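Here's a quick tour of the charged side chains in this one. Pull up the view and follow along.

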Amino acid sequence: MIDERLLPKQTADGTACCDLYCQFFWHIADRDQLTVRQRDQAAGGLLAAVWNFCEETDLNEVPDLTKEEVVSLLGDLAREYSTDLITLSVREDGIGFETMDKRELRY
């Protein structure tokens with residue numbers, strides 16, 4: 001299992017923010033065939049892709065995302081970094097995604 005808590009992202013004035021926590025799971029089909037390096041490459045590639053998603057996603061878009069959309073997106077990334085020897089996956093109960101947007105409340 002991989003636990004990852006990404007740094008909260010917020011606007012300069014603090015009126016909008018998002019926070020993401022995720023757990024990824026792996027299943028190794030044949031432990032005699034998969035090397036530690038291959039496992040680490042798959043898991044590391046997935047984590048880098050998640051961090052890139054968070055860095056590249058404009059904070060203006062985040063409040064419109066639903067948890068289901070985030071789970072789907074993370075599931076797509078997990079499948080992308082899976083191989084014949086290791087299957088990476090995510091479950092909805094392993095994702096914590098919160099947003100706050102009070103920009104409309106500014107005076």
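What follows covers salt bridges, an acidic patch and one acidic residue in a strand.

The model is predicted, so local features need pLDDT of at least 70 and side-chain atom pairs count only at pLDDT 80 or more, while totals for chains, interfaces and linings use all residues. Numbering starts from 1 along each chain as its sequence is written, and side-chain values use heavy atoms, with hydrogens and water left out.

Let's start with the pairs. The structure has three salt bridges (a side-chain nitrogen of Lys or Arg within 4 Å of a carboxyl oxygen of Asp or Glu):

| Acidic residue | Basic residue | N to O distance |
|---|---|---|
| Asp40 | Arg39 | 2.8 Å |
| Asp76 | Arg79 | 2.5 Å |
| Asp93 | Arg91 | 3.2 Å |

Asp76 and Arg79 sit three residues apart in helix α2, about one turn of the helix; helices here are DSSP runs (H or I, at least four residues), and strands are E runs of at least two. Arg79 counts as exposed at 54% relative accessibility, and Asp76 as partly exposed at 43% (buried is under 20% relative accessible area, exposed over 50%, partly exposed in between, with a 1.4 Å probe and protein chains only).

Helix α2 (residues 67-80) also carries Glu69, which joins Asp58, Glu61, Asp64, Glu68 and Glu92 in a surface patch of negative charge. Patch members have over 30% relative accessible area and no salt bridge, with like charges joined within 9 Å.

So is Asp19, in strand β2 (residues 16-28), buried or exposed? Asp19 is buried, because its relative accessible area is 16%. Beyond neighbours within four places in sequence, Asp19 contacts (heavy atoms within 4.5 Å) Arg5, Leu6, Pro8, Gly96, Phe97 and Glu98.

Technical notes
Patches are made of residues with over 30% relative accessible area and no salt bridge: like charges are joined within 9 Å, nonpolar side chains (Val, Leu, Ile, Met, Phe, Trp, Tyr) within 5 Å. Accessible areas come from the Shrake-Rupley method with a 1.4 Å probe; for residues, only the protein chains shown count as cover. Lys and Arg count as positive and Asp and Glu as negative; His and the chain ends are not counted. The place of a charge is taken as NZ of Lys, CZ of Arg, CG of Asp or CD of Glu.
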